[in-house]
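Me: I am new to this structure and would like to know how the descriptions of it are reached. Please set each value against its definition.

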Amino acid sequence: MANIDFNDDSAVLVIGSGAGGGTLANELCQKGVKVILLEAGARHSIADFQNNEWNAFGQLSWLDKRTTSGSWRVAKDFSGLPAWICKTVGGTTTHWAGASLRIQEHEFKAKTNYGEIDGANLMDWPLSLSDLEPYYEKAEDKLGVTRTHDIPGLPGNNNFKVMYTGAKRLGYQNVHTGRMAINSRPRAGRSQCLQIGFCFQGCKSGAKWSTLYVDIPAAEETGNLDLRPESHVLNIEHDDSGKVTGVVYMDKDGNQQMQKARAVCVAGNSIETPRLLLNSASSKHPDGLANSSGQVGKNYMRHMTGSVYATFDRPVNMYRGTTMAGIITDESVNDPARGFTGGYEMETLALGIPFMAAFLDPGAWGPRFSRAMDNYDHMAGMWLVGEDMPQETNAITLHAEEKDQFGMPIPNVHFDDHPNDIAMRNHAFKQGSAVYDAAGANMVYETPPYPSTHNLGTCRMSDKAEDGVCNKFGQSHDIPNLFISDGSQFTTGAAENPTLTIVTLAIRQADYVAEQLSAQNI
Amino acid sequence: MKDQINRRQFLRRGGGALAGAAAATAVAPSTSWAAELSTLDEHQGNTILQAVRQIYPHNTMSNDYYNNVVKDLDAEAADNADTATMLKEGVANLDAAMGVKWTDLSNGNQFAVLSAMKDSPFFQKLRGKAVVSLYNNPLAWRHFGYEGSSAEQGGYLERGFDDLNWLENPPEDASPKAS
């Protein structure tokens, strides 16, 4: 483990150790680049993960104060919890389900393919699928994605059996146990999946890929990584020429520190990353760092989501085994004849009793709700995840009055569904219900979106500096040695779970950063 | 701990003849709360218990499960004077609604009075506490058929993760066999 001095300005500083930051840090370390990795959360381990929903939630989640606004139901039911993401070494890769899908070619060209949609701030990505293909290959190998690189698919659990039966009876073609970053056989020194059923609470077999126990230790072994957990960045500093020079952060002992750096890469997920840029405003950058476009914080996307749960006359026990190894991809195409633009995936999902009570129908009570809980072990479930429309008004902004524990303005997350999101969700609810009806359901429940587990777009990539925050390498348009390294980069949301693409972009960004360092451009 | 006798249990045991009686030391719930609650009194404890049974009705779950909710609310009230006031006033409002102790009302009347208060902070306090206290309890999990923690038992790979036998198994390409 490296010990980089506060005044050493030769290293790259990465903020956040999740899918973006953890991957980027490791890739740079493997190339011989020294990296300081600042993570706000604590360093846990597989040993202290808990198969207990509320305990794990408290252990791993980002619970610093946030506010919400807008017409989305999350603002009413969970006003202080816009997102279910992590504050821990490994970031949200500790909590994620492992679903690893490539974004589709047409989705990278959303504006070209979808055209003008009222109220939607659509734009083509400044890169194409073919630019990313070599990196998707590397990411799938690194993550051990099933159904790639000769890795067999996972075996289907009871929940998948119900989805498969209903899907096939309905006429869906593409139904299988998914492309998952979960070992179906021992691989890369990690166990195969034991079907524990607590994927969201940290994988206790290590079968699911996470930067916590894959990339971070690999980076440490190079001797180039200086990982500092419980280090919360307050501010990114810059000089008169406009280059960033380092960061100010609160260390684990509660002392303010200033760490110099040659370049800064921000990977705090899509709420903290823009918040940090906005909080780093100065007289030279009064609207926040890298914000000449005004787009920092804007175009916040959370995917069209919803769930369908259904009860059957015979037991299912959906909670046994992988949380999300099951998918129907047929609806992920773009087919405006359905009444909306863009597509959605249908993925198996299960919650335990504690979270089912909290999330099945937030706020619900009385006989109908309780009867659903009574039938819990006869229940199957799926999650619907699709492309939501970027809207400039969906945005992360700094709260005018409220401050966090360090005196920094907290973020407000504003969100309203776009009519296209509503139409897509309606269709998805109908199709999900139809799958379960076809399998013999006696009752079906439509569940609204949870606090967002997919958070995207708030520092979007663009060709032109006036349209976005960073270029096709995540390098900010305004400041050459400031990078965006997480899902904030996404120009549009696509239908797919974002982690594989975040990892892919980080591997590619590492190549670019290393080249720029060698060429002395940054 | 002695069981509190709720109305349904009493009636099932053949107390039907006394069901209409207003007074009723005979139908009054037994009171072991005195030893357990620090801030709520026994009437408040019993009322809140019954209210939570209306909010999340599970007829085959005994009072033992719902007692935890009352105890957790009582504990919060011990630390927070505003909560204590809210709970006590809430119970008083329930009793005032039809001029009869709410616990003496019929099931339908109880439900109607409680429903009318569903947007009140008192109702939301009960519901919000119950959704965790009632359902985040390993004994309740057994009741619902949820098996809880699994890693220390080797997961479900050998314990029925795919034992559903009332549908055909998916083919190998959709669902490869476990290794």
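Reply: The turns below take up the two chains, their interface and one residue of a predicted model.

Me: What makes up chain A in terms of helices and strands?

Reply: Chain A has 13 helices and 17 strands.

Me: Why is chain A called as compact as a globular protein of its length?

Reply: The globule rule gives 24 Å for 522 residues, and the radius of gyration of chain A is 22 Å, which is close to that value, so the description applies. Along the principal axes, the C-alpha atoms of chain A fill a box of roughly 70 × 50 × 45 Å.

Me: How do you know which residues of chain A count as buried, and what share do they make up?

Reply: A residue is buried when its relative accessible area is under 20%. In chain A, 69% of the 522 residues count as buried. For chain B, the share is 45% of 179 residues.

Me: Why is M318(A) called buried or exposed?

Reply: The relative accessible area of M318(A) is 1%. The cut-off for buried is under 20%, so M318(A) is buried. This residue is found in the loop between β10 (304-311) and β11 (327-328) of chain A.

Me: Which residues does M318(A) touch, leaving out those up to four places away in sequence?

Reply: Contact means heavy atoms within 4.5 Å. Among the residues that M318(A) touches are N157(A), N159(A), Y309(A), L349(A), M356(A), Y376(A) and G381(A). As for T67(A), 251 residues from M318(A) along the chain, the C-alpha atoms of the two are separated by 33 Å.

Me: What makes up chain B in terms of helices and strands?

Reply: Chain B has seven helices and zero strands. Its pattern along the sequence is α-α-α-α-α-α-α. Of the contacts in chain B between residues at least 6 apart in sequence, 66% join residues at least 24 apart.

Me: How many residues of chain A are in contact with chain B, and how much area do the chains bury between them?

Reply: With contact taken as heavy atoms within 4.5 Å, 54 residues of chain A are in contact with 48 residues of chain B. An interface's size is often given as the accessible area lost when the parts come together. Chain A and chain B bury about 4100 Å² between them, with 62% of it on carbon and sulfur atoms. On the chain A side, K161(A), R320(A) and W365(A) lose the most area to chain B, together 19% of what that side buries.

Definitions and conventions:
Residues are numbered from 1 along each chain as its sequence is written. Chains are lettered from A and ligands numbered from 1 in the order in which they are written. This is a predicted model: local features need pLDDT of at least 70, side-chain atom pairs count only at pLDDT 80 or more; totals for chains, interfaces and linings use all residues. Side-chain values use heavy atoms; hydrogens and water are left out. Helices (H or I, at least four residues) and strands (E, at least two) are DSSP runs, numbered from the N terminus. The radius of gyration is taken over C-alpha atoms; the globule rule is 2.2 Å times the number of residues to the power 0.38. Buried means under 20% relative accessible area, exposed over 50%, partly exposed in between (1.4 Å probe, protein chains only). Buried area is the accessible area (1.4 Å probe) that two parts lose on being put together, summed over both.
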